[in-house]
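Please look over the sequence and the model shown here before reading the report below.

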Amino acid sequence: MLNKLYILLRSLYGYCLKFAYDTHILRIPKLGEKAQADVVVSLTSYGRRVKKSVVCYTVYSLLRQTLQPKRIILWLSQDEWTENTLPKRVAQLRQYEVEIRFCEDMRSYKKLLPTLQFLPDEDIITVDDDVLYPASLVGQLMSTHEQHPEDIIATHMYSPDMDNLQPYRQWHLAPLGTGGMHFFAVGVGGILYPAHALHSQMLDYALACRYAPLADDVWFWGASIAQGTNKRTTNWTFDAVSFDAIYQFLHKGSALQHTNVKGSTITNDTQIAATLNYIHENYGVS
């Protein structure tokens with residue numbers, strides 16, 4: 001009960017921040033107005049979050065970073081949107097030097113795969129499209145990246161026991177400031193992928209759909225293990241501020257997490273098992 005109340009209060013706080021953006025209490029700077037990090041932020045959105053311009057609030061929080069990324073790329077499905085059908089507020093993101101690009105509909109994989117193909121030699125941070133990020137996010141990820149440039153960095157990670165693998169819902173968060181080959185990065189807090197951190201043969205959407213159609217984080221986790229890339233948490237974490245949690249609660253099925261974690265024959269657990277079997281059979285990963 002207390003946990004649900006906490007989530008509700010955080011969500012209400014998110015709506016207050018949304019109001020502050022709508023009324024221009026919070027100023028939105030362009031990319032390049034602040035110091036910039038040598039990193040690209042990549043995200044995707046879909047459906048109502050684009051139609052109602054919900055994703056704009058996430059982008060605003062990324063523009064307000066103390067250390068801005070050098071590029072922000074928002075990928076949208078070319079089957080769902082065109083230049084002529086974009087909501088006005090989404091299209092206006094370009095006024096802040098945000099790039100809006102269209103690609104094949106790859107569900108949540110659009111947050112990373114198109115950018116890896118478009119900019120294969122860049123370090124990339126992925127974020128979710130229903131969260132307001134604190135201004136220190138990029139700076140914190142980059143600070144840890146500078147100390148461990150070859151590791152995948154995230155603010156939230158699980159540390160599953162691979163010798164006695166439990167169901168996903170029983171995994172425990174990894175301690176702050178620690179690393180491990182099998183750490184599992186959680187997308188909501190932002191994930192920094194250094195260039196070439198994932199096995200190149202696994203950056204194929206058709207292949208990913210065979211094993212993890214609804215869990216890009218699971219497939220990218222497997223691709224990092226196949227590549228031999230270590231994962232590491234920052235020394236800092238934050239409580240995600242969602243301005244969309246109440247809607248998701250009232251409209252089950254509006255977010256992938258409702259399918260991935262429970263209530264479906266395709267769950268995180270089935271996709272984890274399929275991914276681990278794939279990398280074991282194809283890359284000899286035990």
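The report that follows takes up paired strands, buried parts and a pocket.

This is a predicted model, and the description begins with strand 2 (residues 68–77), which is largely enclosed by the rest of the structure because eight of its ten residues are buried. Strand 2 has two partners, described in the table, and each row gives the bridges, the sense of the pairing and one pair of residues that stand opposite each other.

| Partner of strand 2 | Bridges | Sense | Opposite residues |
|---|---|---|---|
| Strand 1 (residues 36–44) | seven bridges | parallel | Thr44 and Trp75 |
| Strand 3 (residues 99–103) | five bridges | parallel | Leu74 and Ile100 |

Helix 3 (residues 55–63) is mostly covered as well, since nine of its nine residues are buried, and these include Val55, Cys56, Tyr57 and Ser61.

A single loop residue can also be examined, namely Asp129, which is found between strand 4 (124–126) and strand 5 (131–132). Asp129 has a relative accessibility of 6%, and because buried means under 20%, Asp129 counts as buried. The side chain of Asp129 makes a polar contact, at 2.7 Å, with the side chain of Ser45.

The second largest pocket has a volume of about 190 Å³, and its lining includes Tyr13, Leu17, Ser61, Arg64, Pro134 and Val241. Ser61, one of the residues of this lining, is also one of the buried residues of helix 3. Helix 1 (residues 2–22) gives the most to the lining of this pocket, with three residues. Sorted by class, the lining has nine nonpolar residues, one polar residue and one charged residue.

Note on methods
Residues are numbered from 1 along each chain as its sequence is written. This is a predicted model: local features need pLDDT of at least 70, side-chain atom pairs count only at pLDDT 80 or more; totals for chains, interfaces and linings use all residues. Side-chain values use heavy atoms; hydrogens and water are left out. On a 1 Å grid over the protein atoms alone, a cavity is a set of points where a 1.4 Å probe fits but cannot get out, and a pocket is an open set with protein on both sides within 12 Å along at least five of seven lines; lining residues have an atom within 4 Å of a point. Grid points are joined across faces, edges and corners, and a volume is the space filled by probe spheres set on the points. Helices (H or I, at least four residues) and strands (E, at least two) are DSSP runs, numbered from the N terminus. Ala, Val, Leu, Ile, Met, Phe, Trp, Tyr, Cys and Pro count as nonpolar, Asp, Glu, Lys and Arg as charged, and the others, Gly among them, as polar. Buried means under 20% relative accessible area, exposed over 50%, partly exposed in between (1.4 Å probe, protein chains only). A polar contact is a pair of N or O atoms within 3.5 Å; within protein, one must be able to donate a hydrogen and the other to accept it, and residues adjacent in sequence count only if both atoms are side-chain atoms. Two strands pair if DSSP finds at least two bridges between them.
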